[in-house]
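Please open the model in your viewer and keep the selection panel at hand. The tour below moves from one selection to the next and says what is there.

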Amino acid sequence: MMRGFIITAVLLAALQLAQAQKGGESTYSFLGLTNSAKVAAMGGEVVSLLDDDINLVFHNPALLSPGMHNNLSLNYVNYFAGVNFGYASYAYSLENVGNFAAGMHYVNYGTFDRTDEMGEQQGTFRASEYALNLFYSRHVLDSALTVGVNLKPIFSSLEQYTSFGLAMDLGLSYHFEKSLTTVGLVLKNMGAQLSSYTSTRESLPFEIQAGVSQGLAHAPFRFTVTFQHLERWDLSYSVQDDELSFSGSEEAKSGFDSFADKLMRHVILSTEFLIGKNFHVEVGYNYKRRKEMVVSSRPGMVGFSAGFGFRVSKFHFSFGRASYHLAGGTSHFSLTTNLSEFYR
């Protein structure tokens, strides 16, 4: 079964690489939203963190482990302009078979006024999108290497327009136990739009991510570097028309500065401060987010993020805050628990 998933994923990846997209050029962009408070605090993407946090599986299915057995998670984000989204998931492990998990990812865009071409009110309508996440992972090579897949049926409803799609993530993780190092690789959103909103079918937001997490043997710190959008080298962009001129990259750069800018747009840096088993603090920095969203006259903390988590009785609470723009940021809330602790 796993071999079949891998072969299928390689073929899908080859197809997606041939039509790699920038932001705004593909459908179902909500698939890239960060649900977990911890991941939001670490810059928005993490694919190499070896932990028993079931929310990490959303970003790399290979991180699904037996330690997440019977774990339940709930996530909620109050986004911008009345939009809210969330994610709920549950994991179960079977010895000698593998690890399974299921999750539901949704985004609610709210209620909109429907008007005709003259501005006359004709009622209201709603818009929302959903993705069911079906995970499977299995250890190989004496448990050092883990392979995972995530199959995602997708449904989108925008007023009278609907669309169905099917996507798949393929992830790998390898843990070096002696050096406390974990590396991860994931191919995200390989698939197709099965039915489109109109007669034109759109591509999915395919992305390749990799990362390295490094723990310290005698200090309560863990460092993570995540590389995003490896399917495309140049992530800078520009938009120009008669009334607007905006560039996502600095002008008149030297060759080295231009290379460094393009390289750093792929990099997310984060650090964890682990205070025992019941409390942790995270900080992160997303260079690409800062370059795209900052207002040069008032840069503030755009691109930076931070959060914390703590355990109370049978529940683990997490909070993350990410700064997107001068206008504000997002607050992420996560709650996880192990259902087994309720009937021991």
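Is Leu166 buried, exposed or partly exposed? Select Leu166 in strand E6: with a relative accessible area of 35%, Leu166 is partly exposed, where buried means under 20% relative accessible area, exposed over 50% and partly exposed in between, for a 1.4 Å probe and protein chains only. This is a predicted model, in which local features need pLDDT of at least 70, side-chain atom pairs count only at pLDDT 80 or more, and totals for chains, interfaces and linings use all residues. Residues are numbered from 1 along each chain as its sequence is written, and side-chain values use heavy atoms, with hydrogens and water left out.

Now show the whole chain as a cartoon. The chain has 4 helices and 16 strands, which are DSSP runs numbered from the N terminus, with at least four residues of H or I for a helix and at least two of E for a strand. Of its 344 residues, 46% count as buried.

Next, add Met104, Tyr130, Leu132, Leu134, Leu151, Phe164 and Leu194 to Leu166, and you have a nonpolar surface patch of about 650 Å². Such a patch joins nonpolar side chains (Val, Leu, Ile, Met, Phe, Trp, Tyr) within 5 Å, from residues with over 30% relative accessible area and no salt bridge, that is, no side-chain nitrogen of Lys or Arg within 4 Å of a carboxyl oxygen of Asp or Glu. Strand E4 (121-140) and strand E6 (161-176) each supply at least two of the patch residues, and E4 gives the most, with 3.

Two loop residues come next, to be viewed with their backbone torsions. Most residues other than glycine have a negative phi. Asn96, in the loop between strand E2 (84-94) and strand E3 (98-115), has a positive phi of about 65° although it is not a glycine, and Asn96 is exposed, with a relative accessible area of 67%. Glu159, in the loop between strand E5 (145-158) and E6, also has a positive phi, of about 60°, but Glu159 is partly exposed, at 24% relative accessible area.

Finally, select Leu31, Phe58, Asn133, Lys152, Asp169, Lys188 and Asn189, which line the largest cavity. A cavity here is a set of points on a 1 Å grid over the protein atoms alone where a 1.4 Å probe fits but cannot get out, and its lining residues have an atom within 4 Å of a point. The count comes to 1 cavity of 30 Å³ or more, and about 40 Å³ of space lies in the largest.

Key: Patch = residues over 30% accessible without salt bridge, like charges linked within 9 Å, V, L, I, M, F, W, Y side chains within 5 Å. Areas by Shrake-Rupley, 256 points an atom, 1.4 Å probe, with all protein chains shown as cover. 1 Å grid on protein atoms, 1.4 Å probe; cavity = no way out; pocket = protein on both sides within 12 Å on 5 of 7 lines; lining within 4 Å. Points joined across faces, edges and corners; volume = space filled by probe spheres on them.
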